[in-house]
Amino acid sequence: MHIFILKMLEKEEYLNIKETSIQGRYVIPNDIELYIKNGIKTGKVETIGKSVLKVPIKMFVFGTGKKKVLMWSQMHGNETTTTKAVFDLMNFLEGKSTVAQKFLTECSLFIIPMLNPDGAKAYTRVNANKVDLNRDAQDRSEPESRVLRNVYDKIQPDYCFNLHDQRTIYNVGNTEVPASVSFLAPAHDEARTISKTRAISMQLIAAMNKMLQMSIPGRVALYDDAFNANCVGDTFQMLRTPTILFEAGHSPNDYQREETRMHVCKALLEAIRVISYDLINELDKDEYLSIPRNAKQFVDILVRNIQLINKAYEEGTSIGILYEEVLKERTIQFVPRKDQIGELPNCFGHLTYNCLNNNELALIKENKALMKLIL
């Protein structure tokens, strides 16, 4: 593996490129404007269209190489981790390292950090017309959908990176391990056959997985590959462009997703490295097929044996609690909501209490929000 990637696995190296002005879960158009105001030296910025509410949609362009990579983030306005990661990537490209120069010579990188600025400001999945842009690839009823497709048609990219967040519910396979990063080589047909371009997507994912296993072993999974022609990734794969879905997930004790952004940034760098150095043919798509799939077995808080607090429940009853992300005064608050009650034998908790443990029982009783849900 290239020495550059080995160095980037060290957190200290990553911190040299982290864009510290953009942190937390709430990332809005003003953050992009501030980044531009602070100065872009290597790249250039274009306004490629406007949202429903007439907010400009920006695209950053880096490099002059023949290999064209189009990536977009915050298609869903409340999925911000990959947006933070692409700013870190751009900081790397703004540097003067020999690897950055290699990337810029071999590739032309077209980066749309916020496709859905209205949804970003409102912290919603959908746009201002309440349309999920990732289900609008065929109709293209929304201005944001048309902006993306117009850019795609204009530049005719060789690769597409579709950047998203996934919920905290996902684990890797049947393990009690969170899926911190998930990938998908989208299908291009109902049968989910492996075309030449889908195979290339698989090879790139295999490279990123191999790299990530060195820093987060066991915490990479594959997203569901059910075919949906209305999804953008499936559509671009149908158009014979190798496309990769990135899903930024939960890392332990990382609800602000600052750790996960680092893993996504490193994955992006590895994918661009493979493309720049013409290493794709050295990779085996079967390594992609060996990556475990996502499962949905996590809750944010799991409380076992709640009958010791509320006698209305039978012995062995558990409660699974998920956080609802609520925007309040430019801050995302995590409000606990009851998700499921029962024995929950196959459920995992990012935080787990057992009322049979006196110390944990005391902690629960001190937590008014938890007690309200149990009672």
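How many disulfides does the count come to in this predicted model? The count comes to 0 disulfides, and the close-up views below begin with two cysteines that help to show it.

**Figure 1. Two cysteines, C107 and C160, whose sulfurs do not pair.**
A disulfide is a covalent bond between the sulfur atoms of two cysteines. Start at C107 and look for the closest cysteine sulfur: that atom belongs to C160, and at 13 Å it is too far for a bond. Now go the other way, from C160, and the closest cysteine sulfur turns out to be the one in C107, again 13 Å away and too far for a bond. For a pair to count, the two sulfur atoms would have to lie within 2.5 Å. Are these two cysteines buried or exposed? C107 is buried, with a relative accessible area of 0%, and C160, at 0% relative accessibility, counts as buried too.

**Figure 2. G63, a glycine in a loop between two strands.**
Here we stay with C107 but look at it from the side of a contact partner. G63 sits in the loop that runs between β2 (56-62) and β3. Which residues does G63 touch, once its neighbours within four places in sequence are set aside? They are L104, C107 and S108. G63 has a relative accessible area of 22%, so it is classed as partly exposed, whereas its partner C107 is buried. For a sense of scale, try finding P292 as well: G63 and P292 are 229 residues apart in sequence, and their C-alpha atoms are 35 Å apart in space.

**Figure 3. Q74 and Y123, two loop residues with a positive phi.**
Most residues other than glycine have a negative phi. Q74 is not a glycine, yet its phi is positive, near 50 degrees. You can find Q74 in the loop between β3 (67-72) and α4. Its relative accessibility is 0%, so Q74 counts as buried. Y123 is another residue to look at: its phi is also positive, about 55 degrees, although Y123 is not a glycine. Y123 belongs to the loop between α6 (117-122) and α7 (143-155). With 7% relative accessibility, Y123 counts as buried.

**Figure 4. Helix α4 against helix α10.**
The next three views show helix α10 with a different partner in each. Two packed helices are described by the angle between their axes and the distance between the axes. Helix α4 covers residues 81-94 and helix α10 covers residues 258-276; their axes come within 8 Å and cross at roughly 50 degrees. That angle makes α4 oblique to α10. The crossing of the two is right-handed. On the α4 side, the contact is made by T81, T82, K84, A85, V86, D88, L89 and F92. On the α10 side, look for E258, T260, R261, V264, C265, L268, L269 and I272. Sorted by class, the contact has 9 nonpolar, 3 polar and 4 charged residues.

**Figure 5. Helix α5 against helix α10.**
Helix α5 (residues 98-106) packs with α10 at an angle of about 60 degrees, and the two axes are 9 Å apart. The two helices are therefore oblique to each other. What is the handedness of the crossing of α5 and α10? This crossing is left-handed. K102, F103 and E106 of α5 make the contact with L269, I272, R273 and S276 of α10. By class, these residues are 3 nonpolar, 1 polar and 3 charged. If L269 and I272 look familiar, that is no accident of the eye: both are also listed in the contact of α10 with α4.

**Figure 6. Helix α8 against helix α10, with N209 on α8.**
The axes of α8 and α10 are 9 Å apart, and the helices pack at an angle of about 130 degrees. That makes α8 oblique to α10, and α8 passes α10 in a right-handed crossing. From α8, the residues L204, A207, M208, M211 and L212 meet H263, K266, A267, E270, A271, V274 and I275 in α10. The residues of this contact divide into 9 nonpolar, 1 polar and 2 charged. While you are here, find N209, which is also part of helix α8 (residues 196-212). At 11% relative accessibility, N209 counts as buried. Leaving aside its neighbours within four places in sequence, N209 is in contact with V220 and I291.

Technical notes: Residues are numbered from 1 along each chain as its sequence is written. This is a predicted model: local features need pLDDT of at least 70, side-chain atom pairs count only at pLDDT 80 or more; totals for chains, interfaces and linings use all residues. Side-chain values use heavy atoms; hydrogens and water are left out. Axes are lines fitted to C-alpha atoms, for helices over the stretch in contact, and angles run from 0 to 180 degrees between N-to-C directions. Helices (H or I, at least four residues) and strands (E, at least two) are DSSP runs, numbered from the N terminus. Angles under 35 degrees count as roughly parallel, over 145 as roughly antiparallel, 65 to 115 as roughly perpendicular and the rest as oblique. A crossing is left-handed if the near helix is turned anticlockwise from the far one by less than a right angle, and right-handed if clockwise. Contact means heavy atoms within 4.5 Å. Ala, Val, Leu, Ile, Met, Phe, Trp, Tyr, Cys and Pro count as nonpolar, Asp, Glu, Lys and Arg as charged, and the others, Gly among them, as polar. Buried means under 20% relative accessible area, exposed over 50%, partly exposed in between (1.4 Å probe, protein chains only).
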